[in-house]
Amino acid sequence: MSEPLVSVCIGTYNRARDLRECLDSVFAQTYRNFEVVVADNASTDDTVAVARSYGERVKVICRPSNSGMCSTTRNEAVRQARGDYVAFLDSDDAWLPEKL
């Protein structure tokens, strides 16, 4: 029996300064069967560039305009998620290695 896929859904806006630490904490997880979906809420800094620097390991969704609501990006990420489970992570936060 295979391990279930976990979709790590990250909504973000202007978090270029924090996003690398956030994503690195996901890729340091001891549980390895996950995907990462980052939904950006029309950032005006380098947030999208940071997310895209991880290549195919991160699916990046870019909203054309800011919704003004955190739930919008979370919902966008969930719509693109393929996992059996969803784990939300704020883009200014980081996980300990055994979170998943």
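**Exercise 1. Aromatic pairs**

Task: Establish how many aromatic pairs a search of this predicted model finds, and classify the pairs that involve Phe27 by their ring geometry.

Solution. The search, run over the whole structure, returns 2 aromatic pairs. In one of them Phe27 and Phe34 are partners, with ring centres 5.9 Å apart and an angle of 50° between the planes, an arrangement that is classed as tilted. For the rings of Phe27 and Tyr54 the distance between centres is 5.7 Å and the planes stand at 15°; planes under 30 degrees apart count as stacked, so this pair is stacked. Phe27 belongs to helix H1, whereas Tyr54 sits in the loop between helix H2 (47–52) and S3, so that the pair links distant parts of the chain, 27 residues apart. Taken together, the ring pairs join Phe27, Phe34 and Tyr54 into a cluster.

The next step is to ask whether these rings are buried or exposed. The cut-off for buried is under 20% relative accessible area. Phe27, at 17% relative accessibility, counts as buried; Phe34 is likewise buried, at 13%; and Tyr54, at 8%, is also buried.

**Exercise 2. Salt bridges around helix H3**

Task: Find the salt-bridge partners of Glu76 and describe where each partner lies.

Solution. Begin with Arg63, which forms a salt bridge with Glu76 in which the closest N and O atoms are 3.4 Å apart. Because Arg63 lies in the loop between strand S3 (58–62) and helix H3 (70–80) while Glu76 is in helix H3, this pair ties together parts that are 13 residues apart in sequence. Arg63 and Glu76 are both buried.

Turn next to Arg79, whose side chain meets that of Glu76 in a salt bridge with an N to O distance of 3.6 Å. Here both residues lie in helix H3, with a spacing of 3 residues, about one turn of the helix. As background, an α-helix has 3.6 residues a turn, so residues three or four places apart point the same way. Arg79 nevertheless counts as exposed, with 57% relative accessibility, whereas Glu76 is buried.

**Exercise 3. The two sides of helix H3**

Task: Determine which residues of H3 are buried, how they are arranged about its axis, and what they pack against.

Solution. The buried residues of H3 are Thr72, Thr73, Glu76 and Ala77. Viewed down the axis of the helix, these buried residues fall within an arc of 130°, and therefore they line one face of H3. The other side of H3 carries the exposed residues Cys70 and Arg79. As for the packing, the buried residues of H3 are set against S1, strand S2 (34–40) and S3.

**Exercise 4. A salt-bridge network**

Task: State how many salt bridges the whole structure contains, and trace the network to which Arg15 and Asp92 belong.

Solution. The whole-structure search gives 7 salt bridges. One of these involves the side chains of Arg15 and Asp92, which meet with an N to O distance of 3.4 Å. Arg15 is in the loop between strand S1 (6–12) and helix H1 (16–27), and Asp92 is in the segment after strand S4 (85–88), so that the pair links distant parts of the chain, 77 residues apart. Both ends are partly exposed: Arg15 has a relative accessible area of 27%, and Asp92 one of 45%.

Salt bridges that share partners then join Arg15, Arg17, Asp18 and Asp92 into one network. Within this network, Asp18 is found in helix H1 and is buried, with a relative accessible area of 18%. When its neighbours within four places in sequence are left aside, Asp18 is in contact with Ser91 and Asp92.

**Exercise 5. A nonpolar surface patch**

Task: Name the residues that make up the nonpolar patch on the surface, and describe the setting of Phe88.

Solution. The patch is formed by Val78, Val86 and Phe88, which together have about 220 Å² of accessible area. Phe88 is located in strand S4, and its 37% relative accessibility places it among the partly exposed residues.

How values were computed: Residues numbered from 1 in each chain as written. Predicted model: local features only at pLDDT ≥ 70, side-chain atom pairs only at ≥ 80, totals over all residues. Heavy atoms only, no water. Salt bridge = Lys/Arg side-chain N within 4 Å of Asp/Glu carboxyl O. Helix = DSSP H or I, 4+ residues; strand = E, 2+ residues; numbered from the N terminus. Buried < 20%, exposed > 50% of the residue type's maximum accessible area, 1.4 Å probe, protein only. Patch = residues over 30% accessible without salt bridge, like charges linked within 9 Å, V, L, I, M, F, W, Y side chains within 5 Å. Areas by Shrake-Rupley, 256 points an atom, 1.4 Å probe, with all protein chains shown as cover. Arc of directions from axis to C-beta. Contact = heavy atoms within 4.5 Å. Phe/Tyr/Trp six-rings, centres within 6.5 Å; stacked < 30°, edge-to-face > 60°.
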